[in-house]
Amino acid sequence: MPDKKIALVTGAGRGIGRAIALTLAQEGMFVIVNYNGSAAKAQETVEEIRKAGGEAVSFACNVADFNACGEMITALVKDYGHIDVLVNNAGITRDNLLMKMSEEDFDRVIAVNLKGCFNTIKHLSRQLLKQRSGKIINISSVTGVMGNAGQANYCASKAGVIGLTKSAARELGSRGITVNAVAPGFIETEMTESLPDTVKTALTEQILLKRTGTAKEVADVVAFLASDAAGYITGQVISVDGGMAV
Ligand code: NAP
């Protein structure tokens, strides 16, 4: 059993999740790299952590599956005895204008982005209450605050994550557990690379710093919230958006 803090990061095979996993490992945590579809990508994250001298394992689980999340948490607690940090990062988009959006695309995005956070928090909360410690960080989005044409499903899910974060913070705070959300703006990852150049330019124009953000810039804020230095911060939504939503 590793003599380290244990962090579970969902969707950590690539993008922001991978950067978070790498950064938490650099901070000395043992990282569980969760993935759903891409085992090879998750293994790349694990190898990168190990090459840098850290410790990590990968764990497959579809966060939208309530029972599978329960089984994952049970297995991790059995293997490691405790979980100290949960980062709910897994997320998807299925963009379309409301008029054209299918029910399936609405439901799928809510199931992964919002219910996925509920599933992991619900199954982990009993263990955290027993530990009387723990840090939960949910990745929301600036669009959960601002809304965005063509992303009603995604924005609704990310606004929901903020409500879930604040409620969980209220329920768990008396036992020393903090729950916060990070709301990234426009970050360069696979999720945003398919956007047309015209949209990218228009979005960048709205950013006070006039540039996109990096996954590492989000990961550094998550690492801070996961650290003892952030022990008196809970129920907050921290924007990492270059001033997109001031
Ligand atoms: P990304 O590159 O598309 O990566 C998404 C990750 O989520 C992948 O590792 C994927 O793993 C995982 N995932 C998807 N469905 C899953 C499921 N059902 N169960 C477990 N894992 C699942 O996206 P990203 O840009 O890094 O985004 C990460 C988070 O930041 C998301 O919550 C996103 O909404 C949020 N965010 C991103 C931006 C941005 O500009 N990029 C802005 C604001 C917020 P598999 O491939 O294994 O399925």
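Where in the structure is Thr143 found? Select Thr143 and you land in helix H5, residues 143–146. Helices here are DSSP runs of H or I with at least four residues, strands are runs of E with at least two, and both are numbered from the N terminus.

Before moving on, a word on the model. Residues are numbered from 1 along each chain as its sequence is written, and side-chain values use heavy atoms, with hydrogens and water left out. The model is predicted: local features need pLDDT of at least 70, side-chain atom pairs count only at pLDDT 80 or more, and totals for chains, interfaces and linings use all residues.

**Stop 1: Thr143 and its partner**

Keep Thr143 selected and add Ser141. Their side chains are joined by a polar contact of 2.8 Å. A polar contact is a pair of N or O atoms within 3.5 Å; within protein, one must be able to donate a hydrogen and the other to accept it, and residues adjacent in sequence count only if both atoms are side-chain atoms. With a relative accessible area of 12%, Thr143 is buried. Buried means under 20% relative accessible area, exposed means over 50%, and partly exposed is in between, using a 1.4 Å probe and protein chains only.

**Stop 2: the ligand**

Now select the ligand and show the residues near it, meaning those with a heavy atom within 4 Å. You should find 31 residues around the ligand, and the closest are Ser38, Asn62, Asn89, Tyr154 and Thr189.

Try three distances here:

- From Thr189, an N or O atom of the side chain is 2.4 Å from an oxygen atom of the ligand.
- From Asn62, a polar side-chain atom is 2.8 Å from a ligand nitrogen atom.
- From Gly11, a polar backbone atom is 3.1 Å from an oxygen atom of the ligand.

On its own the ligand has 890 Å² of accessible area, and the protein covers 94% of that. Such areas come from the Shrake-Rupley method with a 1.4 Å probe; for residues, only the protein chains shown count as cover.

Colour by element next. Two or more residues of the shell come from each of helix H1 (15–26), strand S2 (30–35), helix H6 (152–172) and helix H7 (190–193). Which element gives the largest share of the shell? That is H7, with three residues.

Recolour by residue class, and the shell divides into 13 nonpolar, 15 polar and three charged residues. Here Ala, Val, Leu, Ile, Met, Phe, Trp, Tyr, Cys and Pro are nonpolar, Asp, Glu, Lys and Arg are charged, and the others, Gly among them, are polar.

**Stop 3: aromatic pairs**

Rings of Phe, Tyr and Trp (its six-membered ring) pair if their centres lie within 6.5 Å; planes under 30 degrees apart are stacked, over 60 edge-to-face, and the rest tilted. How many aromatic pairs does this rule give? The count is two.

Select Phe30 and Tyr80. Their ring centres are 5.1 Å apart and the planes meet at 45°, so this pair is tilted. Phe30 sits in strand S2 and Tyr80 in helix H3 (residues 66–80), so the pair links distant parts of the chain, 50 residues apart. Both are buried: Phe30 has 6% relative accessible area and Tyr80 has 12%.

Then switch to Phe66 and Phe118, a stacked pair with 6.2 Å from centre to centre and 15° between the planes. Because Phe66 lies in helix H3 and Phe118 in helix H4 (residues 103–131), the pair ties together parts 52 residues apart in sequence. Phe66 is partly exposed at 28%, and Phe118 is partly exposed at 36%.

**Stop 4: the cysteines**

Show the cysteine sulfurs. With a disulfide defined as a pair of cysteine sulfur atoms within 2.5 Å, the whole structure has zero of them. For Cys61, the closest cysteine sulfur is in Cys69 at 4.0 Å, too far for a bond. For Cys117 the closest is again in Cys69, at 9.8 Å, also too far. Cys61 is buried at 7% relative accessibility, as is Cys117 at 3%.

**Stop 5: two glycines in loops**

Select Gly54, in the loop between helix H2 (39–51) and strand S3 (55–60). Gly54 is buried at 15%, and its C-alpha is 7.2 Å from that of Phe30, 24 residues away along the chain.

Finish at Gly173, in the loop between H6 and strand S6 (177–184). Gly173 is partly exposed at 34%. Add Gly235 to the selection: the two are 62 residues apart in sequence, and their C-alpha atoms are 8.9 Å apart in space.
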